[in-house]
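Biologist: Hi! Could you pull up the model so we can go through it together?

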Amino acid sequence: MLKIEGLQKTYSNFNLNCTMEVPQGRIVGLIGPNGAGKTTVFKAALGLIRPEGGQAELFGISTEKLSARERQLCGVALSDSGFSGWLCIKDMAAMMAKLYPGFDRQGFLEKCERFHLPLNKKLKEFSTGMQAKFKVISAISHGAKLLILDEPTAGLDVMARDEVLALLREFMEDEERAILISSHIATDLESLCDEVYMINEGQIVFHEETDRLLGQYAVLKVDQQQYDNLDKKYLLRIKREPYGYQCLTHERQFYLDNYPGVVVEKNGIDELIYMMIKGEKLC
């Protein structure tokens, strides 16, 4: 659905060099700290900014050569984009019906009512959660095959986040679709994504299946003596601590089986981001 190869973009203090793929039938998460390059990847993939090298393809076609109809197969919600605050949902329905031949007006309005979005209230009067739900509903209501969502759950309470994630799971009931999503809320990605990429300082530094990440990755906590005696072939990152070391591994069971005295903590995406950025590679 989306393929990015060696995509390069340079700003005064930032260099992007990205390779990643979003296959059909998959939900792919893009994680990383603020300023790592997530939004730049999304905009370059959509052709909103011109890269200086590499290429991005949507549906097997270079983004530079996409027709209007092919672009309509992509539903987008970027963190810094929005609709005119002076319009209401009924206004938006009429406008989108003219813009998108595949727009499902009835389904769009039904989803808005289902998620308690007032049809006649101006969008600028919507709460943060209402605006987020409206963005996602708009993205999935015009026959899109691929969603590109930048922080769609940012600033939402637990109930609103669950509602947005429910919309995305419903969208993926059609196996010919796919989603690329970024979020700072690790639990959202852990429960939603099939695989994750991690970007830091414009570079993809990590790619893994979510099930494997949650099942086989762990952080070891060891003192100096334990660290010295540790088989380090399965360590991805280490970080020195007052008590010794934290060590990120992708072979949790190996250390459980062979080092019964070592603390092995089963962690998630937040701990992965922390260790991949703060930790050091072994020489």
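Biologist: How many bridges join strand β11 to β14?
Modeller: Three, and β11 (residues 218–222) and β14 run antiparallel. Strands here are DSSP runs of E, at least two residues long, numbered from the N terminus, and two strands pair if DSSP finds at least two bridges between them. This is a predicted model: local features need pLDDT of at least 70, side-chain atom pairs count only at pLDDT 80 or more, and totals for chains, interfaces and linings use all residues. Residues are numbered from 1 along each chain as its sequence is written, and side-chain values use heavy atoms, with hydrogens and water left out.

Biologist: Which residue in β14 does V219 stand opposite?
Modeller: That's E265.

Biologist: What is the strand order in the open sheet?
Modeller: β12-β13-β11-β14, four strands with antiparallel pairing. β12 (235–241) and β14 (263–265) stand at the edges with a single partner strand each, so one side of each has no neighbour in the sheet.

Biologist: New topic: how many disulfides does a search of the whole structure find?
Modeller: Zero, taking a disulfide as two cysteine sulfur atoms within 2.5 Å.

Biologist: Why is there no bond for C74?
Modeller: Because the closest cysteine sulfur, in C18, is 15 Å from the sulfur of C74, too far for a bond.

Biologist: And is C193 buried or exposed?
Modeller: Buried, with a relative accessible area of 6%; buried means under 20%, exposed over 50%, partly exposed in between, using a 1.4 Å probe and protein chains only. C193 is also among the contacts of I181, where contact means heavy atoms within 4.5 Å.

Technical notes: Lists of a residue's contacts leave out its neighbours within four places in sequence.
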